[in-house]
Amino acid sequence: MTPLEMKRDFFKDDFFATEVTGIEIEAVGENYAKCSLRLDKRHLNAAGSPMGGAIYTLADFTFAVSTNPKPDTVTVTTVSQICYLNLSRGEVLYGESRLIKDGRSTCFYEIDITDDIGTKIAVVTVTGMHINKE
């Protein structure tokens, strides 16, 4: 099984992100993930733009894919901040993670949200905590 297939298998039961929202895992690497969300009417607000919650869900899921699973720990979000920069006029949103710091018990990531026409939609910073599986 490839690393991408392993990640998809691990997250198949994350029904909110994968089934309800429709996010797909596109690429993975060590401490890295790229996920996509094809926009449709369920993702739009009353003004016809992608809802902030849909954008944030893409970022949070991208973070989760970047940091999980690890052999003895799971990583969860403890603090997150999102800065909305532009409206999307595209059809697909992408979340792409970048590890800034990984420590023994915490980590810090930046997630860029862009659309398929190259517009940077949002930047999300996430602090995560590594929790021992027991």
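Is Phe10 buried, partly exposed or exposed, and what is its relative accessible area? In this predicted model, Phe10 has a relative accessible area of 39% and is therefore classed as partly exposed, because the buried class ends under 20% and the exposed class begins over 50%.

1. The neighbour of interest here is Phe11, which counts as buried because its relative accessibility is 6%, below the 20% cut-off for that class. A search of the whole structure finds three aromatic pairs. In one of them the ring centres of Phe10 and Phe11 are 4.9 Å apart and the planes meet at 80°, so this pair is edge-to-face.

2. Phe11 also takes part in an aromatic pair with Phe61, again edge-to-face, with 5.3 Å from centre to centre and 80° between the planes. Because Phe11 lies in the loop between α1 (3-10) and α2 (15-21) while Phe61 belongs to helix α3, this pair ties together parts that are 50 residues apart in sequence. When Phe10 is included, Phe10, Phe11 and Phe61 make up one aromatic cluster.

3. Phe61 itself deserves a careful look, since it is buried, with a relative accessible area of 3%. Leaving aside residues up to four places away in sequence, Phe61 touches Phe11, Asp14, Ala17, Thr18, Ile23, Ile25 and Cys35.

4. The largest nonpolar core has 25 residues, and those with the most contacts inside it are Phe61, Ile111 and Ile113. Two or more residues of this core come from each of β1 (23-29), β2 (32-38), α3 (52-67), β5 (106-115) and β6 (120-132). Among these elements, α3 gives the most to the core, with eight residues.

5. Turning to the strands, β2 and β4 pair in the antiparallel sense, over five bridges, and Ser36 stands opposite Tyr94 in β4. The ring of Tyr94 has a further partner, for the charged end of Lys34 sits over that ring, 4.9 Å from its centre.

6. What is the sense of pairing between β4 and β5, and over how many bridges do they pair? Their pairing is antiparallel and runs over nine bridges, with Lys101 standing opposite Phe108 in β5. The two strands, β4 and β5, form a hairpin that has three residues between them.

7. The last point concerns Ser88, which is found in the loop between β3 (73-84) and β4 (92-102). Although Ser88 is a loop residue, it is buried, with a relative accessible area of 10%, and the reason for the label is that buried means under 20%.

8. Which partners does the side chain of Ser88 have in polar terms? A polar atom of the Ser88 side chain lies 3.2 Å from the backbone nitrogen of Gly90, and the side chain of Ser88 also makes a polar contact with the side chain of Asp115, at 3.1 Å. Not counting residues up to four places away in sequence, Ser88 touches Leu39, Pro50, Leu93, Asp115 and Ile121, so that Asp115 appears both in this list of contacts and as a polar partner.

How values were computed: Residues numbered from 1 in each chain as written. Predicted model: local features only at pLDDT ≥ 70, side-chain atom pairs only at ≥ 80, totals over all residues. Heavy atoms only, no water. Helix = DSSP H or I, 4+ residues; strand = E, 2+ residues; numbered from the N terminus. Buried < 20%, exposed > 50% of the residue type's maximum accessible area, 1.4 Å probe, protein only. Polar contact = N/O pair within 3.5 Å; in protein donor to acceptor, adjacent residues only side chain to side chain. Contact = heavy atoms within 4.5 Å. Core = buried A, V, L, I, M, F, W, Y, C linked by side-chain atoms within 4.5 Å. Pairing = 2+ DSSP bridges. Phe/Tyr/Trp six-rings, centres within 6.5 Å; stacked < 30°, edge-to-face > 60°. Lys NZ or Arg CZ within 6 Å of the ring centre and 35° of its normal.
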